[in-house]
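Subject: Structure handover

Hello,

Please find the structure below, with notes on what turned up when going through it. The notes begin with one helix and then move on to other places.

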Amino acid sequence: TAELAQLDPEIAGHIDAELGRQRDGLEMIASENHTAAAVMQAQGSVLTNKYAEGYPGRRYYGGCEHVDAVETLAIERVKALFGADFANVQPHSGAQANASVMHALIRPGDTVLGLNLAHGGHLTHGMKINFSGRLYNIVAYGVDESTHQVDMDEVARLARESKPQLIIAGWSAYPRQLDFARFREIADEVGAYLMVDMAHFAGLVATGLHPSPVPHAHVVTSTTHKTLAGPRGGIILTNDADIAKKVNSAVFPGQQGGPLEHVIAGKAVAFKVAASEGFRDRQERTLAGARILAERLTQPDVAEHGITVLTGGTDVHLALVDLRDSPLDGQQGEDLLAAVDITTNRNAVPFDPRPPMVTSGLRIGTPALATRGFGEEAFLEVADIIAETLTAGAASAAAGGAGVPTEVLNGLGERVRVLAAAHPL
Ligand code: PLP
């Protein structure tokens, strides 16, 4: 980094500041993590200089012997990690992985059945101005209004009615597990492909702490940077040789040009880490932390401010705070937690009465803290800090919004600093 500081002190300064932000605060955005230094070393390597259009052994450029070895290792490791017969590790991102699968399996104008964005789905599952919503006829399933869980009978009804060519199971904001076997039954009944997007819970799947979609789906996509803790990027898995062929040609040359071999090297390192005992322990603490958080945010002292969590708990790495009955809104909640150096994101909850820029929800995840070594005791403390911050905010909003007293916020911020210092990055 000495060269960078000398050549471009502005950028070097911002990188340093970002390191400070990550180190001194607590990262609780559910889709984020702290990747390993070894992953960043691979990603910051000379592999970034190499063009390698094509696939290992079948490139359109010379000099690919080393990147071929790297990409082959990434493919073999991810296949072993998830028990899949075929893998494509080239998608630049989760969105590119999803675009490639749709490019491979369906045609513009075909019908896609996916989870409503406002109920926890992802942009690429059919949002109006995303490529998915532009190119395909989108039918959305939602969660049940009373349980806030996906109602599989409703999915079946919509599938029979709309006859989709593709059904997408997966989510960006949902605190429970999906029934992959039932999704496949429905897909088979209506003659659709089933794609599971496990971007959020891939790290849990890799360690056996969440059911695997691989035996059920025609094709599985994921990001590599969320619970999986690798570099930013995407992957596609399948057990079907025919689909694998179509997917490969949809990724390149269908959607992308030269693969990012430096990122693929980072993915390979991350897959190696993900196969370790230590990674399983980390995912166990991730789950335990989310459970502790959900439990704390359903206690009476929180409930009396109209604050709770959707579905009353969690089976995964995040909890969704429901502020619909609270005077505190999602924006205020996000800002208050930011003021004590806990980073989260406001998130619309299903049937949200507040506008999308404000929202009545917060999505709070534990993967990054588990990576920092948080265990039960530390998660109990952070859950308590969050509960106290949000209830103080709700009390202030109810009293007309004078704001939470500075000394209260300072005290909470100090507790965050103690936790951060005790768990160095
Ligand atoms: N799929 C799901 C379920 C996601 O939550 C996300 C990201 O939030 C993506 C895909 C897209 O990943 P990326 O941001 O890498 O394009």
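This is a predicted model, and a good place to start is I186, which counts as buried because it has 24 C-beta neighbours inside 10 Å; the cut-off for buried is 20 or more. I186 sits in helix α8, residues 180–190. Setting aside neighbours within four places in sequence, I186 is in contact with V155, A156, A159 and I167. V67 is another matter: it is 119 residues from I186 along the chain, and the two C-alpha atoms are separated by 41 Å.

One of those contacts, I167, leads to the core. The largest nonpolar core has 124 residues, and I167, L194, L293 and A319 are the ones that touch the most other members. L293 is in contact with A319, I364, T366, F379, A383 and I386, leaving aside its neighbours within four places in sequence.

The protein as a whole

The mean pLDDT of the protein is 97, and 100% of its residues reach 70 or more. For the complex, the predictor gives an ipTM of 0.99 and a pTM of 0.97.

The protein has 17 helices and 15 strands. Its radius of gyration is 22 Å, close to the 22 Å that the globule rule gives for 425 residues, so the protein is as compact as a globular protein of that length. Along the principal axes, the C-alpha atoms fill a box of roughly 65 × 60 × 35 Å. Of the 425 residues, 52% are buried. If one takes the contacts between residues at least 6 apart in sequence, 73% of them join residues at least 24 apart.

Helices α16 and α17

Helix α16 covers residues 376–398. Its 23 residues should span 33 Å at 1.5 Å a residue, and the end C-alpha atoms are 32 Å apart, which agrees. The buried residues of α16 include F379, A383 and I386, and L293 is in contact with F379, A383 and I386. Others buried in α16 are A378, V382, I385, T389, L390, T391, G393, A394 and A397. Just after α16, G400 takes a positive phi of about 110 degrees.

Helix α17 has 17 residues, 406–422, and reaches 24 Å from its first C-alpha to its last, close to the 24 Å expected. Which residues of α17 are buried? They are L412, V416, L419 and A420. Seen down the axis of α17, these buried residues fall within an arc of 100 degrees, so they line one face of the helix. On the other side of α17, the exposed residues are T406, E407, N410, E414, V418 and A421. The cover over the buried residues of α17 includes α16, along with α2 (9–24), β1 (26–27) and β13 (342–343).

Backbone points to check by eye

D341 is found in the loop between α14 (330–339) and β13. D341 has a positive phi of about 70 degrees although it is not a glycine. With 20 C-beta neighbours inside 10 Å, D341 counts as buried.

A229 is another residue other than glycine with a positive phi, here near 65 degrees. A229 lies in the loop between β9 (219–223) and β10 (234–238), and its 27 C-beta neighbours inside 10 Å mean that A229 counts as buried.

There is also a cis peptide bond, which joins F252 and P253, with omega about 10 degrees. P253 is found in helix α10, residues 241–255.

A buried histidine in a loop

Is H122 buried or exposed? H122 counts as buried, because it has 24 C-beta neighbours inside 10 Å. H122 is found in the loop between β5 (111–115) and α6 (131–135). Leaving aside neighbours within four places in sequence, H122 is in contact with S172 and D197. H122 and V112 are 10 residues apart in sequence, and their C-alpha atoms are 13 Å apart in space.

Regards

Methods: Residues are numbered from 1 along each chain as its sequence is written. This is a predicted model: local features need pLDDT of at least 70, side-chain atom pairs count only at pLDDT 80 or more; totals for chains, interfaces and linings use all residues. Helices (H or I, at least four residues) and strands (E, at least two) are DSSP runs, numbered from the N terminus. The radius of gyration is taken over C-alpha atoms; the globule rule is 2.2 Å times the number of residues to the power 0.38. A residue is buried if 20 or more other C-beta atoms lie within 10 Å of its own, exposed if 12 or fewer, and partly exposed in between; C-beta atoms are placed from the backbone. Two residues are in contact if their C-beta atoms, placed from the backbone, lie within 7 Å. The expected span of a helix is 1.5 Å times one less than its number of residues. The arc is that of the directions from the helix axis to the C-beta atoms. pLDDT is the predictor's confidence in each residue, from 0 to 100. A nonpolar core is a set of buried Ala, Val, Leu, Ile, Met, Phe, Trp, Tyr and Cys residues joined through C-beta atoms within 7 Å.
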